[in-house]
Amino acid sequence: MSNQKLKVVHYLNQFYGGIGGEDKAGHLPEERAGALGPGQALQAALGTDAEIVATVICGDDYFAENLDGALHTVITMIKAHAPDLVVTGPAFNAGRYGVACGAVAKAVFEELHVPVVSGMYHENPGVEMYRRYAYVVKTGNSAADMRKAIPAIANLVKALGKREEVTPETHAYIPQGLRKNYFHAERGAKRAVDMLVAKINAQPFVTEYPMPHFDRVAPNMPIADASKAKIALVTSGGIVPKGNPDHIESSSASRYGKYDIQGVSDLTPEKYATAHGGYDPVYANLDSDRVLPVDVLREMEQAGEIGVLHRYFYTTVGNGTSVANCAAFAKKFVQELVNDGVQAVILTST
Amino acid sequence: MRLELRNITIKDVRFGAQTEVKGDVLYVNKQEMIDALQDERLTSIDVEIAKPNEATRIVPVKDVIEPRVKVEGSGGVFPGFVSKVDMVGSGVTHVLKGVAVVTTGKIVGFQEGIIDMSGPGAQYTPFSDTLNVVLVAEPVQGLLQHDHEAALRTMGLKAAAYLGEAGRHAKPTNTEVFDCPPLPQALLQFPGLPKVAYVYMLQSQGLLHDTYVYGIDAKRTLPTFIYPTEVMDGAIVSGNCVSACDKNTTFHHQNSPVIHELLARHGKDYNFIGVVVTNENVTLSDKERSSNFTAKLVEWLGVDAVIISEEGFGNPDTDLMMNCVKLEKKGIKTVLVTDEYAGQDGASQSLADADPLADAVITAGNANEVIVLPPMQKLLGHKETADVIAGGWYGSLAADGSITAEIQVITGATNELGFSKLTSKGV
């Protein structure tokens, strides 16, 4: 794409697309050739480096009320042009518009794999929801800031088109919440001492990892009668059928396994082992029930202390696996557990 | 305690008829060295040399150790292992600077690492810059993992002591002197300067996650005081590979960077009182006990601020936060050194535990970032382990010998003692 003019598609709402105000917010997605509204100023700022080949317009209400359908239509329209880059907005502090710009950005990022540039006020809800999928230029809170927003967006579009390295500092976009490695001039221990001296002397310093908001889950109410409950076993301790048939990674797992334990009352070393690379595996391999207590639950099932042990257990490796991956796994299999009528889960970690 | 570290800079390592230092060259009598390392738990030991810029890959790497020898003062290097359990840290120690012993062979677990001597992976490991004497050792059939780990650990320490001995009479290139007085004098030094200490967290979660202090497994210890100079004589030994990237090898401990950086400004910006070593055990009661003891000892030292370094990730993030929070609540300022597991895309929360009081953090980088390590001409060890070590996956090793994996697989890549320069930022 470096030798050719960058092909850009622009997404606008009904207002900036010139359809009308709030009364036209139900407008269905449509596309126009070339640049339109703020796109014209953007085209002027881009000069000959890039060309806005099409503008896709959708009413904010229509988008919000028909999210899947509207997004599908919008993406289909964008995709047809095979753009090198997509611009959405700028949306300033318009909430519904910002969320639509973000949702379009996410779909473009995931389906078209091309960069997206947008512009929003930092408090726009679209920022928090979608910032990692787009380079969202910081704007003021209203269209009065258009004159400043357009050159900033154009600057970022041009840089991305040339595959230059961009950073929040050099290109005035809102950090995407991504962590990126680089080599510092000083080693970590030296930086630690520098930070310690600054902290002791109440001088300013910048932590290298600002603490995230930590997600703490409140426990559910206990089940009233365990003797009637269907109970499932789920573990992040990596217990798998021996040989690890699904190749769950020993660290930084990209997947989980679901295995049938119908008729199994004991996890023997001949048939089960751990795939986990983060703890001493010797004792888990000798007796995997230590991590996934199938034996005890079978006894309790026999004795009528629990209703029934669910036919499948779910397992992954927690070692070095990102919180985001873990949450994504759970989102998937929890629905299956609910559909299978499971009332309680014993979640074992290591 | 007063320790002189006399560095003997070595510029080349070659095999020779006698193990000796001549000028700036270390000669190794291969057979004599192999004979010195014999162990009934090992069927074969081979010695190879890997030098910077060579197209050589070492995998799976278990430990890296610096050859040292005590020439004056009590005890010997690696007390509790190759020397008696005498107190070390005073007198004179010779260091073969630029040389490292690297142990490899059949994999013990999942946590061993990769050292590339050249190519894109080399910049992530400090051991692409050292002249490596590589021990390739294979265990007897049926050797249990705990025994296998112990055999390799002992072999590496013996090898470093064996090579270190060659430097006993060599002429030092330079000398560093570290004088660390007993507590009453230490506290009276430099009145007016703030007092600081170092909280040195040692991995102690079990097989391949163990660290030894004077030969005792750190999981069976309570937090205690140690002189900075004791660490330089090998009082702390690695038995672990957490993930290769944030494992503290024995080499890292011998050259413990927070200790050296704190000593560098001691007497100018603060008064560095000493080191508290603590562990990272797996049960909640152990974590509570160790962090309570750590906070108590630090308060007892009467210091104003500490640096706390973590080893490993996930489970020990809890120990790190407990230590931080308990100290901050006593009014003792903390700076933490950790690394991150933010996912391959860098989009996830990086730590498994967090607290707003942890407001001063140094990061050694995101261990999940993916790297492609091109094929190398020479391989020491077993390349197929790339698919199972922590940070690799089924298919990491391609047919052409290249490896696509997270930097987690590289020995020392995100070292949490702050040994290296890799870090991470929000973008």
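What percentage of the 350 residues of chain A count as buried? In this predicted model, the share of residues in chain A that count as buried is 42%.

The chain as a whole can be described by its elements and its dimensions. Chain A holds 11 helices and 14 strands, and its C-alpha atoms fill a box of roughly 75 × 55 × 40 Å along the principal axes. The radius of gyration of chain A is 26 Å, whereas a compact globule of 350 residues would have one near 20 Å. If we consider the contacts in chain A with a separation of 6 or more, 73% of them link residues that are 24 or more positions apart.

Chain A also touches chain B, and here 52 residues of chain A are in contact with 71 residues of chain B. Three elements of chain A, namely β7, α8 and α11, each give two or more residues to this side of the chain, and the largest share, 11 residues, comes from α8(A). Sorted by class, the residues on the side of chain A that touches chain B are as follows.

| Class | Number on the side of chain A that touches chain B |
|---|---|
| nonpolar | 22 residues |
| polar | 19 residues |
| charged | 11 residues |

The strand among these elements, β7 (179–183) of chain A, also pairs across the two chains, for 5 bridges join β7(A) to strand β26 (residues 422–426) of chain B, and the two strands run antiparallel. Within this pairing, A:Phe183 stands opposite B:Leu422 in β26(B). The helices that give two or more residues to the same side are α8 (188–200) and α11 (323–339) of chain A.

Notes. Residues numbered from 1 in each chain as written. Chains lettered and ligands numbered in written order. Predicted model: local features only at pLDDT ≥ 70, side-chain atom pairs only at ≥ 80, totals over all residues. Helix = DSSP H or I, 4+ residues; strand = E, 2+ residues; numbered from the N terminus. Rg over C-alpha atoms; globule rule 2.2 N^0.38 Å. Buried ≥ 20, exposed ≤ 12 C-beta atoms within 10 Å, placed from the backbone. Contact = placed C-beta atoms within 7 Å. Nonpolar A, V, L, I, M, F, W, Y, C, P; charged D, E, K, R; others polar. Pairing = 2+ DSSP bridges.
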